[in-house]
Amino acid sequence: MTENNLPNSKLGSLQYDPAPESAAIAKLKSSYGLFINGKFTDPSKHEQFETINPATEKRLATISQGSTSDIDKAVKAARKAYDNVWSKTTGAERAKYLYRIARIIQERSRELAVVETLDNGKPIRESRDVDVPLAAAHFFYYAGWADKLEHAGFGNAPKPIGVAGQIIPWNFPLMMAAWKLAPALAAGNTCVLKPAETTPLSALLLGEILQQAGLPDGVVNIVTGDGVTGSALVDHPGVDKIAFTGSTGVGRLIQQRVATSHKRLTLELGGKGANIVYEDAPIDEMIEGIIDGIFFNQGHVCCAGSRLLVQESIADDVLRRLVRRVEQLRVGDPMDKNTDIGAINSADQLKRIKELVAYGEQEGATRYTSSCELPKKGFWFAPTVFADVSQSHRIAREEIFGPVLSVLTFRTPEEAITKANNTNYGLACGVWSEKGSRTLWTAERLRAGVVWANTYNKFDPTSPFGGTRESGFGREGGKHGLEAYLNV
Amino acid sequence: MAKRLVIGSVINVSTAPLRLVTPEDHSVVIQTSSQVPRIESETQLRSILATLSGVDSVGAEARVAKLATRSIKKSTKMAALDLAISMVDLTTLEGADTPGKVTSLCTKAMRPSPMDLSVPSVAAVCVYPDLVAHARSVLKGSSVAVAAVATSFPSGRASLNVKLMDVREAVANGADEIDMVIDRGAFLSGRIGQVYEEIVAVKQVCGNAHLKVILETGELVTYDNVRKASWIAMLAGADFIKTSTGKVPVAATQPVALVMLEAVRDFAETTGQIVGVKVAGGIRTAKDAIRYLVIVNETVGSTWMTPDLFRFGASSLLNDLLMQRLKQQRGAYIRPDEFSGD
C-alpha cells in the first residue's frame, strides 16, 4: 500500500466541540464569612478580599480576611470542642462522622469539582476524577483508623495532640484540606484550617458539608485570609501542632517561629522531582508518565516530575515523542471536559514561571513550547519543554511550579542517581524501566520520600506521602499519617 | 504549514536557541524513503522483535481510561457517528448462515437506513468463504466490499495447504478482503518463524485481495504478545491487523487497540508502510465505537481516520450507531423497531 509522498498523519485531526460543565452547579454565594464554632460568622475587622476565576479574571465571591482576633476565636472554639466534646468522643463515634463527611463529599462531588475548577483553574476532568474522589477516599480511609489507633503501632493507647493549626496551599485546595483534616480528626484532635488566599471556596463548601454531617461545633474551624492570618495561627499559643503544606521559604519561616514553642510541626514543602528514564523503559507508557508527571495540574504539584533524566542512548527519540505529545495537549477553558491543561492559578505564579523560563533561555537551554492558542483573558502558560539542560542551570535546580519540564541526560545508572540526588529537595522521583532489579537498585539510592516505578503522580490514602531535606518532614496518608496527629 | 516561531509569553527578549514548531511536531511522520526489512530467518525476526519496547499494562490501561473521558458532542459526535458507520464490517459468522440471511445483511450494508439516504454505506460485509459468491452477487455495483474469513477460521487448526485452499476459494469467489487467523499455538510455543511464513504464504495467494491478519488477542493475553504479533503480521505483509475472531470469550478491548495502533504508527514511521487496524468482537454501542475513534484520533491521527485504514467488525453496532445518529438529529430516542433487525 506504499505510495510516494505520503502526508504526515496529523494527530487530533478530529476537532472536539466544546463540552463545558455548567458553572451554575457551583451555587456560589456572593460572600462568605469565617467558619468558627460551627457557624459562618463575619470577620471581626470586616476586612474582605475577592477570589477570582484565574481562567477569566472574573470575581467569584467575596471572602473574609481573618484577623488575629478571629484566629484567637477559632483556636478557643477548637480548644473548647477538644476539652468538652471531641476528646470524650469514642473512636467509633468519630469514625461515624468521618464516614458521613466522605459520603456527603461523594454526593456533592459534581458541585465540589465545579467549585474547585472555577477557583483554581485546573481542568474539570482532574477535579472530577482526581481531587474530589481522593478527598472522599482520605476521609473513608481515616474513618477506618479512628477506632483502631491502638493497632497503629504507636503504643497501647495513643493520645491526640490537641488543637491542630493547618495551613494548606492553592494547588489542591479540597484534597489538601482532606489530607489534613481526616487524620487529625480520626486521631481525636480538633482543627483550625487556613485555606490558601487564592482558593478558599472549596474549603468553605467543606465547612457546609461539616455542618450537614452534624460535626460538633468547633471541632473544625476554617479561617480564610492571607499570610497574616496564617502567621497568626502559627504564633497562637493555644495551638499544639502546626501542619503546613506550601513553599520551602514559608516552611523555613514557620519552623523558625515554632522552634522555641511546645508546638509539634510537620512540613510538606517544595520539590524538584527527577523522573529517571532508562533505555529499556516501556516507551509509550513512559511518555504518558512524563506528561502526567509535569503537566498534571499545570505543573502546580510539589512532587511534579519537573526534571526528566533520560538515558542518552534514547534521548533523541524520547524528546521527539515528548514534543509531539506536548503539541497534542489541549490547553484552554478548564470547565471544558476535554481540556488537558487549564489556567495558571494566579498572576503572581504566572510571573514566577515566566521569570524562570526566561532564565532557562538565557542560560542556553533549547526551548520547545506548544503552539497552542492561549485565551486572551486569564493567566495562561503554554506547556513547555527545555532540552539541553545542565545541572547548573537554574531551571534544573529551582522549583518552577508550572508546566515547564527540564530535560537532562545521563549515561550510567550511577550518574542518574548522582544527578537525581543533586538537589536540596527530596520529595518524589520516578523510575522507568522494564527491569525490576534496576528499578529497585535505583529506588534504594534515591533520596526522596516517594519513588514511583513506571508511573508518576499516583496518590492513594493508604500510601504515606512526604519529603526529606528541604521538601519537609512528616508523612500524610497511610498508617504513617496518623503519627503526625498522635502524642507519640 | 508555515513555520513560525513560538515564543509563548516571554518577558525578556532572548538570544537562546528557541526551537521552531514544525508540522512534524503534530504528526506521525511517515518515512517513504524507508523499507520493510526482508526477513531471511527466524533469528532475524526474533532480533527485530527484541528491539520493541515492552508495554506497561497499568499505564496502557490508564491511558485508554483517560481517553475514554473525552466528551464528544454536537457536530463532532455527528461526524464520528457517520465515520463509524462507514467503518463497519457488517458481520455474520454463524453455522446457521443462509443465502437469505446474507442477502438481508448485504441489503442493510448498502443502505443502512431506508429513512435517511444520507447515511453512508458500511465498508464491507464479512462472511464465511462459502457465502462469498452470494454476497458478491447481492452487492454488485455497490461500494460495499466482501470480506471472507479464511484459513480455517476461527481456530486456524489445519494444515497450511488446507488454509491456502480456503483462501484461494474465497478469492476466486470474489472476496475483496481476506480475514485470516494466525497460528496462536505456533506463536505461544515460540515458533514465530512459522507464524510469519504462514502469513507470507496467505498474502501470496490473496492476489489483489486485501489481507487482514487476526491476532486473536484474547488468546495471546499479554500486551507484549500483542505488540510482537502485530509486528510479525506487518513484517509479513498484512494490509490490516485485526484483534479478534469474536469466537473466544475476550475480544477487542481498548488497551489492545491502543497497543496495535501504536504498533502501526511505529511501523509507518520506521518502514513507510501504512497498515490498517480492525477491532472486532464485543463492540455493540455507539459510545464504544466513538471511544475507539478517539483512541485512533489521538494515537495515529488523520491518515487512519478512514474506512481504508480503520474498521469495526460488528453486527449489532450498526443499529446503535443509527439510533444515536437519529437521536442527534431529532433530540429524542426512537423506538428500536424503527430499525431493521439485519
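Two strands are taken as paired if DSSP finds at least two bridges between them. In this predicted model, strand β3 (residues 124–127) of chain B and strand β4 (residues 145–149) of chain B meet that criterion, with four bridges in the parallel sense. Within this pairing, Cys126(B) has Ala147(B) of β4(B) as its bridge partner.

Both strands belong to a closed barrel in chain B. The barrel has eight strands, in the order β2-β3-β4-β5-β6-β7-β8-β9, and the pairing is parallel. From one strand to the next, the twist averages 25°. Overall, the secondary structure of chain B amounts to 13 helices and nine strands. The radius of gyration of chain B is 21 Å, and the globule rule gives 20 Å for 342 residues. The two values are close, so chain B is as compact as a globular protein of that length. Taken along the principal axes, the C-alpha atoms of chain B fill a box of roughly 75 × 60 × 35 Å.

Chain A was examined in the same terms. Its secondary structure comprises 15 helices and 19 strands. For chain A the radius of gyration is 23 Å, close to the 23 Å given by the globule rule for 488 residues, so this chain is as compact as a globular protein of that length. The C-alpha trace of chain A spans about 80 × 50 × 40 Å along its principal axes.

An open sheet of seven strands is found in chain A. The strand order is β14-β15-β16-β13-β12-β17-β18, with mixed pairing. The edges are held by β14 and β18 (450–453) of chain A. Each has a single partner strand, so one side of each is left without a neighbour in the sheet. The twist in this sheet averages 20° from one strand to the next. At the β18(A) edge, the partner is strand β17 (residues 428–432) of chain A. These two strands pair in the parallel sense over four bridges. One residue pair in this register is Ala428(A) with its bridge partner Val450(A) in β18(A).

A helix also lies against these strands. Helix α13 (residues 413–421) of chain A lies across β12 (274–277), β13 (307–311), β16 (404–410) and β17 of chain A. Relative to β16(A), α13(A) runs at about 145°.

Helix packing within chain A is illustrated by α2 and α6. Helix α2 (residues 91–107) of chain A packs on helix α6 (residues 201–212) of chain A at an angle of about 125°. Their axes are 9 Å apart. The angle makes α2(A) oblique to α6(A). The crossing of the two helices is right-handed. On the α2(A) side, the contact involves Ile101(A), Ile104(A) and Ile105(A). These meet Ile209(A), Leu210(A) and Gln212(A) of α6(A). By class, this contact has five nonpolar residues, one polar residue and no charged residues.

The two chains touch each other. In total, 49 residues of chain A are in contact with 51 residues of chain B. On the chain A side, the elements giving two or more residues are β1 (9–10), α4 (124–145), α9 (283–295), α10 (315–328), α11 (347–362) and β14 (366–369). Of these, α11(A) gives the most, with six residues. The residues on this side of chain A divide into 15 nonpolar, 19 polar and 15 charged.

Strand pairing crosses from one chain to the other. β1(A) pairs with strand β1 (residues 27–28) of chain B in the antiparallel sense, over two bridges. Here Lys10(A) has Ser27(B) of β1(B) as its bridge partner.

Helix packing also joins the chains. α9(A) and helix α2 (residues 57–67) of chain B pack at an angle of about 60°, and their axes are 9 Å apart. The two helices are therefore oblique to each other. The crossing of α9(A) and α2(B) is left-handed. From α9(A), the contact uses Glu285(A), Glu288(A) and Gly289(A). From α2(B), Gly59(B), Ala60(B) and Arg63(B) take part. This contact of α9(A) with α2(B) has one nonpolar, two polar and three charged residues.

Conventions:
Residues numbered from 1 in each chain as written. Chains lettered and ligands numbered in written order. Predicted model: local features only at pLDDT ≥ 70, side-chain atom pairs only at ≥ 80, totals over all residues. Axes fitted to C-alpha atoms, helices over the stretch in contact; angles between N-to-C directions. Parallel < 35°, antiparallel > 145°, perpendicular 65-115°, else oblique. Left-handed = near helix turned anticlockwise from the far one by under 90°. Contact = placed C-beta atoms within 7 Å. Nonpolar A, V, L, I, M, F, W, Y, C, P; charged D, E, K, R; others polar. Rg over C-alpha atoms; globule rule 2.2 N^0.38 Å.
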